[in-house]
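Visitor: I'm new to this one. Can you walk me through it?
Guide: Yes, here it is.

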Amino acid sequence: MRHIDFTPFHRSTIGFDNLFRMLDSAASLDSEAGGYPPYDIERTGETSYRITMAVAGFRSEDVHVDVKETALSVRGEKKPAENGKSEYLHKGIAQRAFERRFQLADYVEVTGAELKDGLLHINLVRNLPERMKARRIEVKASNDQAPQIEAEAS
């Protein structure tokens with residue numbers, strides 16, 4: 001695992017401490033998860049996103065999606081089969097317990113989750129408040145003119 005030292009940036013930036021902390025935690029979370037389950041993050045619109053995770057063999061009751069502040073957590077735990085009489089000659093479909101965490105940006109909300117065909121789709125949208133959106137400020141012309149002093153003819 002590569003570790004990036006952000007110390008030089010602390011000398012020339014102000015207020016980005018949280019960003020550097022998030023980058024450090026994201027790198028450590030990815031290495032801990034070991035790449036299971038695989039996932040995609042896609043932009044589906046100007047302010048909408050989708051996380052798709054491959055969770056073959058899991059049912060909707062085996063998967064839990066939780067959001068707390070700006071942290072999205074997806075956990076899966078397969079309940080043991082009721083009939084333990086199966087004998088596998090080869091077991092290649094991973095169904096081990098997992099937990100994936102995602103750090104959400106400010107104003108990103110989870111709008112829904114759906115499990116279909118072994119893929120878990122989590123839909124997100126970024127809702128910026130009106131005060132945060134770009135807006136144009138009208139520039140008005142001023143009618144105030146400096147008083148002019150006229151010289152009297154002598």
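Visitor: How are the strands of the open sheet ordered?
Guide: The open sheet has three strands in the order β3-β4-β5, and the pairing is antiparallel. Strands are DSSP runs of E with at least two residues, helices are runs of H or I with at least four, and both are numbered from the N terminus. Two strands pair if DSSP finds at least two bridges between them.

Visitor: Which strands are at the edge?
Guide: β3 and β5 (98-103), each of which pairs on one side only.

Visitor: Before going on, what sort of model is this?
Guide: It is a predicted model, where local features need pLDDT of at least 70 and side-chain atom pairs count only at pLDDT 80 or more, while totals for chains, interfaces and linings use all residues. Residues are numbered from 1 along each chain as its sequence is written, and side-chain values use heavy atoms, with hydrogens and water left out.

Visitor: How many bridges join β3 to β4?
Guide: Six, with β4 covering residues 71-76 and running antiparallel to β3. Val67 stands opposite Leu72 in β4.

Visitor: Where does Asp62 lie?
Guide: Asp62 is in the loop between β2 (48-54) and β3 (63-68).

Visitor: Buried or exposed?
Guide: Asp62 counts as buried because its relative accessibility is 1%. Buried means under 20% relative accessible area, exposed over 50%, and partly exposed in between, with a 1.4 Å probe and protein chains only.

Visitor: And what is Asp62 in contact with?
Guide: Leaving aside neighbours within four places in sequence, Asp62 is in contact (heavy atoms within 4.5 Å) with Arg75, Gly76, Glu77, Lys78 and Lys79.

Visitor: New topic: where is Phe16 found?
Guide: Phe16 sits in the loop between α1 (7-12) and α2 (17-33). With a relative accessible area of 40%, Phe16 is partly exposed.
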